[in-house]
Amino acid sequence: MRRRRRSHSARSSRAWARSKGQCSSTGSAFFPEISQKVWEEGAPWLTPHFLDFETNIVNSAIQTWLLRSEGRTILVDTGVGNHKERPYAPVWSHLKTDFLANLARAGVAPEDVDIVINTHLHVDHVGGNTCLDGRQWVPTFPNATYLMPKDDFDFWNPANGHKPLLGRGNQNVFEDSVAPVHQAGRTLLWENSHQIDADLRLEAAPGHTPGSSVLTLTSGTDRAVFVGDMLHSPVQIHEPDANSCFCEDLAGARATRRKVLGRATDNNALVIPAHLGGHGAAEVVREGGGFAIKGWAPFTPYTEQG
């Protein structure tokens with residue numbers, strides 16, 4: 001987290017899980033509600049970090065945010081994970097990323113992590129929750145409490161028989177990345193809101209999934225909101241009613257996006273999505289019937305990580 005006039009107890013950095021472009025897709029496929037004209041008009045500022053205009057590929061990042069707050073080490077989402085069988089998402093099957101090595105370079109060993117936050121329980125947010133110990137999946141972060149939204153825990157539990165929009169895209173995820181943590185007694189399933197400490201609070205933000213959440217940070221003069229998959233591209237700041245193709249509740253996702261962006265604007269809070277392929281965060285302002293980007297956080301763009 002960038003520093004302003006006063007010191008604060010929470011600061012963040014990113015732990016890269018894989019090289020750029022892993023979850024890229026064409027703009028029309030990723031955002032079926034956004035017209036080609038919008039992409040063309042946005043190309044000057046979306047290219048090259050967020051969009052490859054020649055191919056119409058939207059650049060996305062798989063990343064974890066690392067926070068240190070009140071003496072505790074906190075991870076926000078854990079990416080895709082390694083060695084996972086993903087028959088309906090083959091690009092994410094049997095990966096061997098350097099995620100834990102990147103955390104180590106940030107000075108964090110698995111046993112150092114105190115809290116893992118899963119903003120929601122999609123395949124690319126919980127995969128690093130577990131790792132293989134012989135033939136068994138065990139918690140990657142053995143001393144951590146894993147904060148999971150109960151609504152998502154119930155929705156994605158195959159025993160409950162829900163039929164998600166994602167279809168089989170999340171197959172095996174609950175079994176290998178969620179259930180083993182719960183069975184090990186490391187989960188805290190929360191509803192509506194959960195206060196982590198004086199600076200950090202989880203709040204329900206349904207729409208993308210039934211249990212999608214945002215993490216708000218309030219520390220000194222700093223304000224930030226980690227919005228998970230509420231946004232996949234900065235074009236949705238300008239087009240807040242446009243959903244990704246992965247949103248379960250279209251009307252709910254639109255309402256959540258407008259509510260959270262409006263509050264971020266009013267509080268001058270940095271908006272930090274999970275997957276921005278370029279600069280990782282932005283300040284926003286109201287513009288017309290939507291929002292606009294006031295300025296980017298001084299983070300190195302994902303597309304320049306090599």
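This briefing walks through a helix, a buried serine, a sheet and a pocket. The model is predicted, so to speak of local features takes pLDDT of at least 70 and side-chain atom pairs count only at pLDDT 80 or more, while totals for chains, interfaces and linings use all residues. Residues are numbered from 1 along each chain as its sequence is written, and side-chain values use heavy atoms, leaving out hydrogens and water. Helices (H or I, at least four residues) and strands (E, at least two) are DSSP runs, numbered from the N terminus.

**Helix α2**
- Within α2 (residues 36-46), the buried residues (under 20% relative accessible area with a 1.4 Å probe, protein chains only) are Val 38, Trp 39, Gly 42, Ala 43 and Leu 46.
- Because they cover an arc of only 150° around the axis, they lie on the same side of α2; the arc is that of the directions from the helix axis to the C-beta atoms.
- Turn to the other side of α2 and you find Lys 37, Glu 41 and Pro 44 exposed, where exposed means over 50%.
- The buried residues of α2 pack against α1 (27-30), β3 (51-52), β4 (57-58) and α7 (235-238), with contact meaning heavy atoms within 4.5 Å.

**Ser 233**
- Look for Ser 233 in the loop between β15 (222-228) and α7.
- Ser 233 is buried, at a relative accessible area of 1%.
- Leaving aside residues up to four places away in sequence, Ser 233 touches Phe 31, Trp 39, Leu 46, Val 58 and Leu 276.

**The sheet and helix α8**
- Seven strands in the order β12-β13-β14-β15-β16-β17-β18 form an open sheet with mixed pairing; two strands pair if DSSP finds at least two bridges between them.
- At the edges stand β12 (193-195) and β18 (290-296), each with a single partner strand, so one side of each has no neighbour in the sheet.
- On average, neighbouring strands of this sheet are turned by 30° against each other, direction ignored.
- Strands β12 and β13 (residues 200-204) run antiparallel and are joined by 3 bridges; Gln 195 has Arg 201 in β13 as its bridge partner.
- Helix α8 (residues 250-267) packs on the sheet, touching β13, β14 (213-219), β15, β16 (270-273), β17 (282-287) and β18.
- The direction of α8 makes about 100° with that of β17; axes are lines fitted to C-alpha atoms, for helices over the stretch in contact, and angles run from 0 to 180 degrees between N-to-C directions.
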